[in-house]
Amino acid sequence: MTKIAIIVGSTRPGRRGRAVAEWVADVATQEHPAVDFELLDLVDVGLPLLDEEQPALFGQYGNEHTARWAKTIGRFDGFVFVTPEYNHSVPGALKNALDFVYAEWNNKAAGFVSYGLHGGTRAVEHLRLILAELKVATVRTQVALSLFHDFTIPAPAEPGTFTPGPHQGKTLTTLLDEVVTWSSALQPVREGALA
């Protein structure tokens, strides 16, 4: 069975990402009942700032939390990253989580559901470059959620309520189809790398 992680990329108190990720998970399980989707929240993972002596490329993980994270990421065939845009880029917690391991990301597929004042598009531009270095194939379709149109926010400091427009569901379905297809298609590549 294909396994896809839905990764919540922000750990900030008051974040909007958890509500978005739960929406992604609901649509995913409805659209692809034969695929195992799992919500993976970086708050729950609790990684410290990168503290490994060796670069992740060498696969010599010295810390228990890194070995645990490597095992977690290694279980999945693909990913949907739910990320806000912070200062034209990705949240530090997400970049940190990506940097901890290497081979466990390789030859898998990923899609992006982003949000922000500009839909989080600049964060995804950076994520595409980072994931290319980690040998992750990224799909074309992206869900870009606007804080102005896809959330009801009474005050800037409040998370508000997630209210995605109907067109966003259609885009998410296409994104999920692509991630599932590419994750399955890359299975022989993953198996070849392990041989």
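In this predicted model, Ala-155 counts as partly exposed, because its relative accessibility of 24% falls between the buried and exposed classes. Ala-155 sits in the loop that links strand S6 (151-152) to strand S7 (161-162). A helpful reference point is Phe-112, which lies 43 residues away from Ala-155 along the chain, with 26 Å between the two C-alpha atoms.

Turning to the sheet, 5 strands are arranged in the order S2-S1-S3-S4-S5, forming an open sheet with parallel pairing. Strand S2 (36-41) and strand S5 (136-146) each have a single partner strand and stand at the edges, so one side of each has no neighbour in the sheet. On average, and ignoring direction, neighbouring strands are turned by 20° against each other. Strand S4 (residues 108-116) pairs with S5 in the parallel sense over 8 bridges, and Val-113 has Val-143 in S5 as its bridge partner. Helix H6 (residues 166-185) packs on this sheet and touches strand S1 (3-8), S2, strand S3 (78-84), S4 and S5. The direction of H6 makes about 170° with that of S5.

Stepping back to the whole protein, there are 7 helices and 7 strands, which follow one another along the sequence as β-α-β-α-α-β-α-β-α-β-β-β-α-α. The radius of gyration is 16 Å, close to the 16 Å given by the globule rule for 195 residues, so the protein is as compact as a globular protein of that length. The C-alpha trace spans about 50 × 35 × 25 Å along its principal axes. Buried residues account for 49% of the 195 residues. Of the contacts between residues at least 6 apart in sequence, 79% join residues at least 24 apart. Carbon and sulfur atoms contribute 55% of the accessible surface, which comes to about 9600 Å².

Conventions
Residues are numbered from 1 along each chain as its sequence is written. This is a predicted model: local features need pLDDT of at least 70, side-chain atom pairs count only at pLDDT 80 or more; totals for chains, interfaces and linings use all residues. Side-chain values use heavy atoms; hydrogens and water are left out. Two strands pair if DSSP finds at least two bridges between them. Helices (H or I, at least four residues) and strands (E, at least two) are DSSP runs, numbered from the N terminus. Axes are lines fitted to C-alpha atoms, for helices over the stretch in contact, and angles run from 0 to 180 degrees between N-to-C directions. Contact means heavy atoms within 4.5 Å. Buried means under 20% relative accessible area, exposed over 50%, partly exposed in between (1.4 Å probe, protein chains only). The radius of gyration is taken over C-alpha atoms; the globule rule is 2.2 Å times the number of residues to the power 0.38. Accessible areas come from the Shrake-Rupley method with a 1.4 Å probe; for residues, only the protein chains shown count as cover.
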